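Subject: Structure handover

Hello,

Here is the structure we talked about. Please open it next to this message and follow along.

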Amino acid sequence: MAKNTNNNAAVKGEAPKKKRGIGRWFKELFSELKKVSWPSFLTVVKQTGVVLLVTLFFLLVLMGVDAGLGALYKLLMTGVNDMPTTSAVMSVLTSIKSIPIFGALL
């Protein structure tokens, strides 16, 4: 008869894990790091520049969206007549209406 053990590794068909020392772990770590193909300095600088430009672009886009939504919220809370830019917008619309082509559209 087979000897019955309560070892889960034996039941699964796996070998039990051996304990390794910290020195061996570091040795394997440095061995793996030697196998890595590291990018050149110029490649790192170029890719860092691309990341910074994309980040700056999205920062500007999000700031514009935030400013637009803030102005829309202020417009909704205060009303159209209380906005200081309303008179400027109305004067532009009045001058556009005076142009015959656009007057019919507005």
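In which helix do Glu-32 and Lys-35 lie, and how many residues apart are they? Both are in helix α2, three residues apart, or about one turn of the helix. Before the details, please note that this is a predicted model.

**Overall layout**

The chain has five helices and zero strands. Along the sequence the pattern reads α-α-α-α-α. Few residues are covered: of the 106 in the chain, 3% count as buried. The accessible surface is about 10200 Å². Carbon and sulfur atoms account for 69% of that surface.

**Salt bridges**

There are two salt bridges in the structure. One joins the side chains of Glu-32 and Lys-35, at 3.4 Å from N to O. Glu-32 has 47% relative accessibility, so it counts as partly exposed. Lys-35 is at 61% and counts as exposed, because the cut-off for exposed is over 50%.

Arg-24 and Glu-28 form a salt bridge too, with 3.3 Å from N to O. These two residues also sit in helix α2, which covers residues 22-35. They are four residues apart, again about one turn of the helix. Glu-28 is partly exposed, with a relative accessible area of 31%.

**Aromatic residues**

A search of the whole structure gives three aromatic pairs. Take Trp-25 and Phe-26: their ring centres are 5.0 Å apart and their planes meet at 80 degrees, so this pair is edge-to-face. Trp-25 is partly exposed at 47% relative accessible area. Phe-26 is partly exposed as well, at 38%.

Phe-26 also pairs with Phe-30. Here the ring centres are 6.4 Å apart and the planes are at 25 degrees. Planes under 30 degrees apart count as stacked, so this pair is stacked. Where do Phe-26 and Phe-30 sit relative to each other in the helix? They are four residues apart in helix α2, so about one helical turn separates them. Phe-30 has a relative accessible area of 48% and is partly exposed. Trp-25, Phe-26 and Phe-30 together make one aromatic cluster.

**Helix α3**

Helix α3 takes in 38 residues, 41-78. Does its length agree or disagree with the span expected at 1.5 Å a residue? The expected span is 56 Å, because it is 1.5 Å times one less than the number of residues. The end C-alpha atoms of α3 are 55 Å apart, which agrees. Gly-79 follows the helix, and its phi is positive, near 95 degrees.

**Nonpolar patch**

A nonpolar patch lies on the surface. Its members are Val-50, Val-54, Phe-57, Phe-58, Val-61, Val-65, Leu-69, Leu-72, Tyr-73, Leu-75, Leu-76 and Met-77. Together they have about 1200 Å² of accessible area. Leu-75, one of these residues, is in helix α3. Leu-75 is partly exposed, at 30% relative accessible area.

**Where to look**

For helix α2, start with the Arg-24 and Glu-28 salt bridge, then go to Glu-32 and Lys-35. Next, find the cluster of Trp-25, Phe-26 and Phe-30. For helix α3, trace residues 41-78, then stop at Gly-79.

Best wishes

Terms used. Residues are numbered from 1 along each chain as its sequence is written. This is a predicted model: local features need pLDDT of at least 70, side-chain atom pairs count only at pLDDT 80 or more; totals for chains, interfaces and linings use all residues. Side-chain values use heavy atoms; hydrogens and water are left out. A salt bridge is a side-chain nitrogen of Lys or Arg within 4 Å of a carboxyl oxygen of Asp or Glu. Buried means under 20% relative accessible area, exposed over 50%, partly exposed in between (1.4 Å probe, protein chains only). Patches are made of residues with over 30% relative accessible area and no salt bridge: like charges are joined within 9 Å, nonpolar side chains (Val, Leu, Ile, Met, Phe, Trp, Tyr) within 5 Å. Accessible areas come from the Shrake-Rupley method with a 1.4 Å probe; for residues, only the protein chains shown count as cover. Rings of Phe, Tyr and Trp (its six-membered ring) pair if their centres lie within 6.5 Å; planes under 30 degrees apart count as stacked, over 60 as edge-to-face and the rest as tilted.
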